[in-house]
Amino acid sequence: MAAHRKPRQRSLGGQTARTAFTLALAGAATATAFDGTGQAEPQLTTAQVKAKVDRLYQEAEAATEQYNGAQEKATAAQRHLRTLRDEAARKEEQLNSAREALGTMAAAQYRSGGLDPAVQLALSDDPDQYLDGAAFAERAGDRQSAAVARVRHQLREIEQLRGAARLELSSLKARKTELKKHKKTITDKLTTARGLLARLTAAERARIAADTGGGTGTTERASRASSGSRDPLQAPGTTTASAPNSRAAAAVSFAHSKLGSPYVWGATGPDAFDCSGLVLAAYRSAGVSLPRTTYAQIGAGQRVSRSELRPGDLVFFYSGITHVGLYIGNGQMIHAPNPSAPVRIAPIDEMPFAGATRVV
């Protein structure tokens, strides 16, 4: 009778081991799915999308104001660089005239049988080396000494101007790099916001747009304005009458005339605006110059409390002073909210109030 043998245990190896490992992974994945940790991102509600989009718009607006500030500095640097280069060109013309005068002296001396060493050096290819010669003044006549002194002074002026231009050019390049950085931040955040809004239905997007920066009757006014039937002043009524002066009244009238205009970051009109661009354009129409950015505009006039607000005052929002509107009375303002909403009337209590300024 054959002896019964205990079956030998086979080790898991090769294909068998790989199969077991695959099954273990599948089991772990199944357990994770039941546990809820491996599921796809849940569908956001309309309110959650609005909250995220609002935050992205606020962050983009902060970057927009930084962009506006960098743009203002870049423009100033470009203007200064152009002035320096123009001045250097004028100085070089004066230098050429002075050297021509020395050349006339040199020709006269040559015809009379000699050429003064100082004049020879002044007409050399390296006049700066000549000007460093300590003994030239003793060998030159009074007239030649004065002419050479003018050359020395003009050369120094030109070198100073060129040095200043080099520094300004370096500053301009830095500003342009800063502009690119802020522009990328803005476009990235706006792209993300558009992606979130694209998940919603048209009705849901319309509801969010109506809730963004709106007030009673705002959507109707903005729609009427954007359809082309906009009254130039939108009947501001007693708003301008209660403004502190005619310039504030003119700014309010301008803002009324722009109701329904689209928000475009970096724009100051005439047909599109960002928030600080709108108030800048409004006061520019009244003959008042304002700084470009919100954080500069808040310091451009007399600070007033919320209880002292009058039409034409600038009202600012958020702790970083990243948004501004033009107060029109009765707790309302005209502002450019964000890319999802046009220039419109809204209550000032819809955003965290940060301060107010009366510029005229």
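So, twelve helices and six strands: that is what the chain has in this model, and please keep in mind that the model is a predicted one. The chain runs to 360 residues, and 39% of them are buried. On the outside, the accessible surface comes to about 20,100 Å², with 52% of that area belonging to carbon and sulfur atoms. For those of you who like contact maps, take the contacts between residues at least 6 apart in sequence: 65% of these join residues at least 24 apart.

Let's go to the salt bridges. The structure holds ten of them, and I'd like to walk you through three.

Please find R55 and E59. These two form a salt bridge, and their closest N and O atoms are 4.0 Å apart. Where do R55 and E59 sit relative to each other in helix α2? They are four residues apart in that helix, which covers residues 46-111, so about one helical turn separates them. As for exposure, R55 counts as partly exposed because its relative accessibility is 44%. E59 has a relative accessible area of 31%, so E59 is partly exposed too.

Now follow α2 along to K91. K91 makes a salt bridge with E157, and here the closest N and O atoms are 3.0 Å apart. This pair links distant parts of the chain, since K91 belongs to helix α2 and E157 to helix α6, residues 142-198, with their positions 66 residues apart. Are K91 and E157 buried or exposed? Both K91 and E157 are buried.

The third one is D274 with R292, again with closest N and O atoms 3.0 Å apart. D274 lies in the loop between α10 (246-257) and α11 (275-285), while R292 lies in the loop between α11 and α12 (294-297), so this pair ties together parts that are 18 residues apart in sequence. D274 is buried, and R292 is buried as well. While we're on this topic, there is also a network: salt bridges with shared partners join R55, E59 and K189.

Let me stay with α2 and α6 for a moment and show you Q154, which is found in helix α6. Its relative accessibility is 10%, under the 20% cut-off, so Q154 counts as buried. Which residues does Q154 contact, leaving aside its neighbours within four places in sequence? The answer is Q94, L95 and A98. For Q154 and Q94, the C-alpha to C-alpha distance is 7.7 Å, although the two are 60 residues apart in sequence.

The cavity search is a short story. Over the whole structure, one cavity of 30 Å³ or more turns up. The volume of the largest cavity is about 40 Å³. Its lining is made up of Y57, A60, E61, T64, I186, L190, Y263, W265, N338 and P339. Both α2 and α6 supply at least two residues of that lining, and α2 gives the most, with four.

Over to the nonpolar cores. The largest one has 30 residues, and the members that touch the most other members are Y283, L314, L326, I334 and V343. Which elements give two or more residues to this core? They are α10, α11, β2 (314-317) and β3 (323-329). Apart from this core lies another, of 25 residues, including A77, L81, A88 and A193.

If you click on V343, you'll see a long contact list. Setting aside neighbours within four places in sequence, V343 is in contact with K258, L259, G260, S261, F273, L278, I334, H335, A336 and P337.

I'll finish on S276, which has its place in helix α11. Why does S276 count as buried? Because its relative accessible area is 0%. Not counting residues up to four places away in sequence, S276 touches E65, N68, R292, T293, T294, Q297 and V324. You'll recognise R292 from that list as the salt-bridge partner of D274. And S276 and V324, 48 residues apart in sequence, have their C-alpha atoms 6.0 Å apart in space.

That's my tour, and I'm happy to rotate the view for anyone who wants another look.

Key. Residues are numbered from 1 along each chain as its sequence is written. This is a predicted model: local features need pLDDT of at least 70, side-chain atom pairs count only at pLDDT 80 or more; totals for chains, interfaces and linings use all residues. Side-chain values use heavy atoms; hydrogens and water are left out. A salt bridge is a side-chain nitrogen of Lys or Arg within 4 Å of a carboxyl oxygen of Asp or Glu. Buried means under 20% relative accessible area, exposed over 50%, partly exposed in between (1.4 Å probe, protein chains only). A nonpolar core is a set of buried Ala, Val, Leu, Ile, Met, Phe, Trp, Tyr and Cys residues joined through side-chain atoms within 4.5 Å. Contact means heavy atoms within 4.5 Å. Accessible areas come from the Shrake-Rupley method with a 1.4 Å probe; for residues, only the protein chains shown count as cover. On a 1 Å grid over the protein atoms alone, a cavity is a set of points where a 1.4 Å probe fits but cannot get out, and a pocket is an open set with protein on both sides within 12 Å along at least five of seven lines; lining residues have an atom within 4 Å of a point. Grid points are joined across faces, edges and corners, and a volume is the space filled by probe spheres set on the points.
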